[in-house]
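Please explain how this structure is put together, starting with what it means for a residue to be buried and going on to the core, the cavity and the pockets.

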Amino acid sequence: MKIIRSLIITFAMYSRIPVPKTEWNAENMKYSIAFFPFVGLPIAALLFLWHSFCGFADKAVPDMAEALVGLCIPIFISGGIHLDGFIDTSDALSSHQDRERKLEIMKDAHTGAFAIISCLSYCALFMAAYLVVLKSRTEFGILALGFVLSRIMSGMGVVFFKCAKNDGLLHTFADNTELGRTRLILAMEFILCEAGMIHINPVGAFLALFLNLLFILYYYKMTKREFGGITGDTCGWFSSNSELLTAIAAAVGVIITKGIMKI
């Protein structure tokens, strides 16, 4: 039953999907991080269903409308928790203050101008990638699975990287996690997700893998330098950027594939 409780806690924390109430204690939270990628599955499924509906409706749904809804689906399911972390971390990074001040800025309820600019830029880039990919069913599958991949890699950050603070929800999750088994489960999930992407389209899959591996290395060094470790907000920043990078990889995959076909 503790496995089921861990799954319930994960969805209660990282999504707006209704789940039964359960007690948040050390025993029940052991495998919550291992189940974190599962939150990406309904996002991927709904994106694919929306994309399929728009294709079935032919030109009844304009491409821009499809992209706008596609941008909103992950936000609605997650409750915006990752985008909130993206905004707070962007605010802190743009401040160019010392480490302690940056950690304070991330906790501040006020939002700075650079955070808004970063959020608008993120949305514009994601929509641009979406608009390129929506004509390709294969590459669209990679874009959708990016919401699973981002959570796998974010979970790996939690179980492998140091927390910046000794309090807060992220520290609570990390401190109560069964590290050995969770690392193994996340590694297996990573292999399965990447295998699924390769099966869909190798070009987009390998590009997504390359970009995400480079980015997690940058994330490790950046958070260690700027914050002294990871926080809940930086995890949201990482997840959001990882999803964007995978969408861009899928878009580039479409462009490369079309270029090859013309030769």
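A residue counts as buried when its relative accessible area is under 20%, and as exposed when that value is over 50%. The model discussed here is predicted. Ser-150 is a first case: its relative accessible area is 0%, so Ser-150 is buried.

Ser-150 lies in helix α7. Leaving out residues up to four places away in sequence, Ser-150 touches Phe-238, Ser-239, Ser-242 and Glu-243. With Glu-243 there is also a polar contact, side chain to side chain, at 3.0 Å. A residue on another part of the chain gives a sense of distance: Asp-58 is 92 residues from Ser-150 along the chain, and the two C-alpha atoms are separated by 31 Å.

Helix α7 also matters for the account of the nonpolar core. In soluble globular proteins, nonpolar side chains tend to be buried together. The largest nonpolar core here has 72 residues, and the members that touch the most other members are Leu-47, Phe-126, Tyr-130, Leu-143 and Tyr-219. The largest share of this core comes from α7, which gives 12 residues. Tyr-130 can serve as an example of the packing. Apart from residues up to four places away in sequence, Tyr-130 touches Leu-47, Trp-50, Glu-66, Ala-67, Gly-70, Phe-140 and Leu-143. Leu-47 and Leu-143 therefore appear both as contacts of Tyr-130 and among the core members that touch the most others.The next topic is enclosed space. How many cavities of 30 Å³ or more does a search of the whole structure find? The search finds one, and the volume of this largest cavity is about 110 Å³. It is lined by 13 residues, of which Pro-74, Ile-75, Leu-83, Tyr-122 and Glu-243 are the closest to its centre. Glu-243 is also the residue whose side chain makes the polar contact with Ser-150. At least two lining residues come from each of α3, α4, α6 (113-133) and α11, and α3 gives the most, with four residues. By class, the cavity lining has seven nonpolar, four polar and two charged residues.

Helix α3 also holds Ser-78. Because its relative accessibility is 8%, Ser-78 counts as buried. The side chain of Ser-78 has two backbone partners to follow in the model. It reaches the backbone oxygen of Ile-75 at 3.5 Å, and a polar atom of the Ser-78 side chain lies 3.2 Å from the backbone nitrogen of Gly-80. Not counting residues up to four places away in sequence, Ser-78 touches Tyr-14, Ser-15, Arg-16 and Arg-151.

From the cavity the account turns to the pockets. The largest pocket has a volume of about 420 Å³. Its lining consists of 27 residues, and those nearest its centre are Leu-169, Leu-170, Thr-231, Gly-232 and Asp-233. Two or more lining residues come from each of α1 (2-14), α4 (81-95), α5 (99-107), α7 (137-160), α8 (169-175) and α11 (232-262). Of these, α11 gives the most, with five residues. The lining of this pocket has 13 nonpolar, nine polar and five charged residues.

The second largest pocket contains about 230 Å³ of space. It has 12 lining residues, with Cys-54, Gly-55, Asp-58, Asp-63 and Lys-135 nearest its centre. The elements that give two or more residues to this lining are α2 (40-56) and α3 (63-78), and α2 gives the most, with four. Six residues of the lining are charged, three are polar and three are nonpolar. Asp-58, one of the residues nearest the centre of this pocket, is the residue whose C-alpha atom is 31 Å from that of Ser-150.

Two further residues complete the tour. Is His-96 buried or exposed? His-96 has 69% relative accessibility and therefore counts as exposed. Its place is in the loop between α4 and α5. His-96 has a positive phi of about 60 degrees, although it is not a glycine.

Thr-182 is in helix α9, which covers residues 179-200. Since its relative accessibility is 0%, Thr-182 counts as buried. Setting aside neighbours within four places in sequence, Thr-182 is in contact with Lys-30, Tyr-31, Ile-33, Ala-34, Val-159 and Thr-177. Ser-32 is 150 residues from Thr-182 in sequence, yet their C-alpha atoms are 8.7 Å apart in space.

Definitions and conventions:
Residues are numbered from 1 along each chain as its sequence is written. This is a predicted model: local features need pLDDT of at least 70, side-chain atom pairs count only at pLDDT 80 or more; totals for chains, interfaces and linings use all residues. Side-chain values use heavy atoms; hydrogens and water are left out. On a 1 Å grid over the protein atoms alone, a cavity is a set of points where a 1.4 Å probe fits but cannot get out, and a pocket is an open set with protein on both sides within 12 Å along at least five of seven lines; lining residues have an atom within 4 Å of a point. Grid points are joined across faces, edges and corners, and a volume is the space filled by probe spheres set on the points. Ala, Val, Leu, Ile, Met, Phe, Trp, Tyr, Cys and Pro count as nonpolar, Asp, Glu, Lys and Arg as charged, and the others, Gly among them, as polar. Buried means under 20% relative accessible area, exposed over 50%, partly exposed in between (1.4 Å probe, protein chains only). Contact means heavy atoms within 4.5 Å. A polar contact is a pair of N or O atoms within 3.5 Å; within protein, one must be able to donate a hydrogen and the other to accept it, and residues adjacent in sequence count only if both atoms are side-chain atoms. A nonpolar core is a set of buried Ala, Val, Leu, Ile, Met, Phe, Trp, Tyr and Cys residues joined through side-chain atoms within 4.5 Å.
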